[in-house]
Amino acid sequence: QVQLVESGGGLVQAGDSLRLSCAASGRTFSNYGMGWFRQAPGKEREFVAASNWSGGSTLYADSVKGRFTISRDNAKNTVYLQMNTLKPEDTAVYYCAAGPWYSGLVVNYWGKGTLVTVSS
């Protein structure tokens, strides 16, 4: 059974930084992409960032480019999201995702999410 477990969420002030982690288990994630989505209150889930297996190909939503960085440690089956210069509009539940990579992430698996709250 595949599990994606997020951690690192919390309450921060605008301008602060936070790093999210997602540990994957239950299968071999070789050649799998991993990424992050978020869902703010009253809004639909949206793409944030994704990385292919090697980390050589990454994608970002325009709203986080230059502020967020995705990285992964394949030896640990873990993906990270470094979030800098956080804004109140970044407040959301952040979900880890994993799946095949076809010039982008095709999501097969979801984590349960971790809440990030950014106060102004």
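Start by selecting E6 and everything it touches: beyond its neighbours within four places in sequence, E6 is in contact with S21, C22, W36, Y94, Y95, C96, G111, K112, G113 and T114. Keep in mind as you click around that this is a predicted model. E6 itself sits in strand 1. Its relative accessibility is 11%, and because buried means under 20%, E6 counts as buried.

Now zoom in on the side chain of E6 and show polar contacts. One goes to the backbone nitrogen of G113, at 3.0 Å. Another goes to the backbone nitrogen of K112, at 3.2 Å. Then put a distance label between the C-alpha atoms of E6 and G113: you should read 6.1 Å, for a pair 107 residues apart in sequence.

Next, step back and colour the sheet that strand 1 belongs to. Which strands make it up, and in what order? It is an open sheet of four strands, running 1-3-8-7, with antiparallel pairing. Strand 1 (3-7) is at one edge and strand 7 (68-73) is at the other, each pairing on one side only. From one strand to the next, the twist averages 15°.

Move over to the strand 7 edge. Strand 7 pairs with strand 8 (residues 78-83) through six bridges, in the antiparallel sense. To see one of them, select F68 and look across to strand 8, where its bridge partner is M83.

While you're in strand 8, pick T78. Is T78 buried or exposed? It counts as buried, with 10% relative accessibility. Its side chain reaches the backbone oxygen of K76 at 2.9 Å. Show its surroundings too: setting aside neighbours within four places in sequence, T78 is in contact with S21, C22, A23, S71, R72 and D73. You've met S21 and C22 already, as both are on the contact list of E6.

Last stop, the nonpolar interior. Show W36, L81, M83 and Y94 as sticks: in the largest nonpolar core, which has 27 residues, these touch the most other members. M83 is the bridge partner you found for F68, while W36 and Y94 were among the contacts of E6. To see where this core comes from, highlight strand 3 (18-25), strand 4 (32-39), strand 5 (46-51), strand 7, strand 8, strand 9 (92-100) and strand 11 (114-119), each of which supplies at least two of its residues. Before you close the session, select A50, A97, W101 and L105: they are among the five residues of another core, lying apart from the largest one.

Notes:
Residues numbered from 1 in each chain as written. Predicted model: local features only at pLDDT ≥ 70, side-chain atom pairs only at ≥ 80, totals over all residues. Heavy atoms only, no water. Pairing = 2+ DSSP bridges. Axes fitted to C-alpha atoms, helices over the stretch in contact; angles between N-to-C directions. Core = buried A, V, L, I, M, F, W, Y, C linked by side-chain atoms within 4.5 Å. Buried < 20%, exposed > 50% of the residue type's maximum accessible area, 1.4 Å probe, protein only. Polar contact = N/O pair within 3.5 Å; in protein donor to acceptor, adjacent residues only side chain to side chain. Contact = heavy atoms within 4.5 Å.
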